[in-house]
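Me: I would like to go through this model step by step, with the reasoning laid out before each answer.

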Amino acid sequence: MPKIGNPRLSKDIPCERCHSKRKVGKKWTEKIKNASGFMVLEHIQIVCTNKECQLEFERKLVEEEIKREKIKEGRNAGRNTTSPQASK
Ligand SMILES: [Zn+2]
């Protein structure tokens with residue numbers, strides 16, 4: 001589950017892996033449609049100033065993404081099909 005609108009800016013907290021300073025790497029906004037129209041989500045990506053540490057971190061993110069995709073695929077394959085869940 002992606003964290004949405006985390007109010008705490010973790011850029012002021014040193015990296016827990018290498019204890020280097022961190023900085024804001026990327027900022028972007030996302031418009032999400034909801035019941036009352038649109039909601040703008042602000043995303044901030046905090047990166048470690050230690051390049052090697054950051055690269056390692058990104059590699060792990062990608063690995064996790066791949067794992068998640070695989071789990072999804074497994075579900076969609078529908079070996080043991082369960083009744084579809086009623087949404088809301
Ligand atoms: Zn680091």
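Me: How many of the 27 residues of α1 are buried?
Reply: This is a predicted model, in which helix α1 covers residues 51-77 and reaches 39 Å from its first C-alpha to its last, close to the 39 Å expected at 1.5 Å a residue. A residue is taken as buried if 20 or more other C-beta atoms lie within 10 Å of its own. The helix lies largely in the open, because the number of its 27 residues that are buried is one.

Me: Which pattern does the protein follow when read along the sequence?
Reply: The secondary structure comes to one helix and two strands, and the strand β2 takes up residues 37-48, while β1 spans 22-34. Read along the sequence, the pattern is β-β-α.

Me: Is Leu 41 buried or exposed?
Reply: Leu 41 is found in strand β2, and its C-alpha atom is separated by 5.0 Å from that of Glu 30, 11 residues apart along the chain. A residue with 12 or fewer other C-beta atoms within 10 Å is classed as exposed. Since Leu 41 has 12 such atoms within 10 Å, the residue is exposed.

Me: What is the phi of His 19, which is not a glycine?
Reply: Most residues other than glycine have a negative phi. His 19 lies in the segment before β1 and counts as exposed, with 10 C-beta neighbours inside 10 Å. Although His 19 is not a glycine, its phi is positive, at about 65°.

How values were computed:
Residues numbered from 1 in each chain as written. Predicted model: local features only at pLDDT ≥ 70, side-chain atom pairs only at ≥ 80, totals over all residues. Helix = DSSP H or I, 4+ residues; strand = E, 2+ residues; numbered from the N terminus. Expected span 1.5 Å × (residues − 1).
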